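Where does a folded chain leave empty space inside, and what surrounds that space? The report below takes up these points.

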Amino acid sequence: MRAVLLSCERKKRKQIMPQAHFRIVTQKLAQLTKAARYRRWALALVLPFAGIVTAFGIVPATITERIEQSVLNDIALAPAIPAASTAQTFWREERIQRGETQAGLLERLGVEDPAAIRYLRSTRDARSLFQLVPGRTVSAETTADGQLVTLRYLNSNTLMTVTREGESFSATEQAAELETRVIFAAGEIRSSLFAATDRLNVPDAITLQMVEVFSTDIDFHKDLRKNDSFSLVYEMHYDRGEPVRSGRLLSAEFVNQGKTLNAVWFAANDSEGSYYTLDGKNIRKAFLRSPLEFSRITSGFSAARYHPILQTWRAHTGVDFAAPIGARIKATADGMVDYAGVQGGYGNVVILRHQSKFTTLYAHMSGFASGIRKGARVQQGDIIGSVGMTGLTTGPHVHYEFRVNNVHRDPLSIAVPVAFPITPEHKQQFLQAAAPHARTMATLRGTMLSTFE
């Protein structure tokens with residue numbers, strides 16, 4: 001899945017300059033899941049930083065006092081991700097969209113560097129960047145003010161790398177020699193989720209996979225608290241020792257307000273995989289809580305709300321999620337397109353039917369995704385359109401409704417049904433696959449307790 005990070009998130013990130021980071025990395029999952037005498041990790045001191053709330057930030061009332069920590073050192077492993085330089089930098093990864101331009105891609109990557117943009121537009125050495133193949137990924141390392149440090153684009157079997165050298169740039173292309181490493185990371189939230197994962201150099205694509213996995217149990221827009229913690233095991237693809245793109249989140253643990261949630265990726269044989277709890281229950285519910293990866297709620301479900309355009313009191317039968325024009329709207333559950341077109345004050349609207357009695361509605365779209373038409377089938381998380389302000393609206397947002405037997409219900413409070421668990425014939429296979437991940441999460445959890453106690 002591609003991460004949609006908004007321009008406001010990039011601007012707020014520029015204000016966050018953590019001075020050091022806590023890192024747990026290793027190259028092979030087995031190293032951390034063996035007996036205790038073989039475990040090795042290195043922990044770096046996490047220094048305090050400004051408590052600025054960004055996307056998925058803690059509630060404003062939370063106090064972010066100074067943090068005093070001890071440093072634990074055993075045998076240090078060579079970091080799988082290069083250590084941050086003196087000037088704090090950020091890695092961003094984006095999946096190329098259909099019809100995307102080079103300028104639009106660089107903007108989403110957080111590159112606000114006129115010199116770099118001129119170089120990329122003019123040099124023949126970076127010609128691969130003009131062959132933007134939808135679905136492939138581009139990663140960029142930038143400073144907090146958007147200056148480009150490194151850019152990598154894996155185009156088929158060719159890796160293009162652009163590197164800043166003082167005030168000049170160079171570009172190289174070479175055949176890719178990919179290897180996959182398993183990375184471990186554990187962190188604690190002090191100001192926001194993205195600030196915490198930035199300290200660990202966790203790619204945004206991995207962070208958003210974690211958000212999607214736990215999104216039916218945690219409202220990442222309002223439920224995060226200071227001292228919430230998380231542990232991650234994920235794949236990272238490297239070329240000659242340099243990270244090229246992120247892979248799949250393999251397992252995760254999230255402790256939110258004292259409640260611990262676990263997820264493990266599992267695919268039986270060649271079947272399509274999913275995430276499950278350690279006892280085999282499917283993490284994925286029938287419906288996601290939000291149709292957007294990142295947004296804020298501007299108007300909730302209400303029996304009586306003053307309409308800003310009609311200037312009258314009327315029921316608000318859904319929830320409004322504000323986001324910039326063009327932000328991608330996801331189907332919150334598997335279903336079939338019941339309607340896609342213009343409908344009065346809704347403007348451009350899509351209605352999806354799920355099973356027999358559930359429907360969801362997505363209004364004020366700027367446009368529909370390719371293939372979205374009556375009768376088309378969609379899966380949970382599929383992109384069905386983009387945020388706009390068509391119909392009766394005062395600003396860009398998606399109006400989202402949830403109906404049961406054609407009766408409007410509050411999508412944020414209704415109890416959603418659980419998806420199917422592991423089948424009995426695959427239960428033992430799953431338990432064997434999940435056991436190493438359970439041991440890893442316990443180890444990372446113990447490391448966090450030792451670090452922050």
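What follows covers the chain as a whole, then its enclosed cavities.

This is a predicted model. The chain has 453 residues, and 52% of them count as buried. It holds 7 helices and 22 strands. Contacts reach far along the sequence: among those between residues at least 6 apart, 68% join residues at least 24 apart. The chain exposes about 20,400 Å². Carbon and sulfur atoms supply 51% of that area.

Now the interior. The count comes to 7 cavities of 30 Å³ or more. The two largest are set out here.

| Cavity | Volume | Lining residues by class |
|---|---|---|
| Largest | about 180 Å³ | 10 nonpolar, 3 polar, 5 charged |
| Second largest | about 120 Å³ | 6 nonpolar, 2 polar, 4 charged |

Which residues lie nearest the centre of the largest cavity? They are Val211, Ser215, His221, Ser290 and Leu292, out of 18 lining residues. Helix α6, residues 204-214, gives the largest share of this lining, with 3 residues.

The second largest cavity has a volume of about 120 Å³. Its lining counts 12 residues. Closest to its centre are Trp91, Ser139, Pro203, Met236 and Pro243. Two elements give two or more residues each to this lining: β1 (89-95) and β8 (242-256). Charged residues take part in both linings, with 5 in the largest cavity and 4 in the second largest.

Key. Residues numbered from 1 in each chain as written. Predicted model: local features only at pLDDT ≥ 70, side-chain atom pairs only at ≥ 80, totals over all residues. Heavy atoms only, no water. 1 Å grid on protein atoms, 1.4 Å probe; cavity = no way out; pocket = protein on both sides within 12 Å on 5 of 7 lines; lining within 4 Å. Points joined across faces, edges and corners; volume = space filled by probe spheres on them. Helix = DSSP H or I, 4+ residues; strand = E, 2+ residues; numbered from the N terminus. Nonpolar A, V, L, I, M, F, W, Y, C, P; charged D, E, K, R; others polar. Buried < 20%, exposed > 50% of the residue type's maximum accessible area, 1.4 Å probe, protein only. Contact = heavy atoms within 4.5 Å. Areas by Shrake-Rupley, 256 points an atom, 1.4 Å probe, with all protein chains shown as cover.
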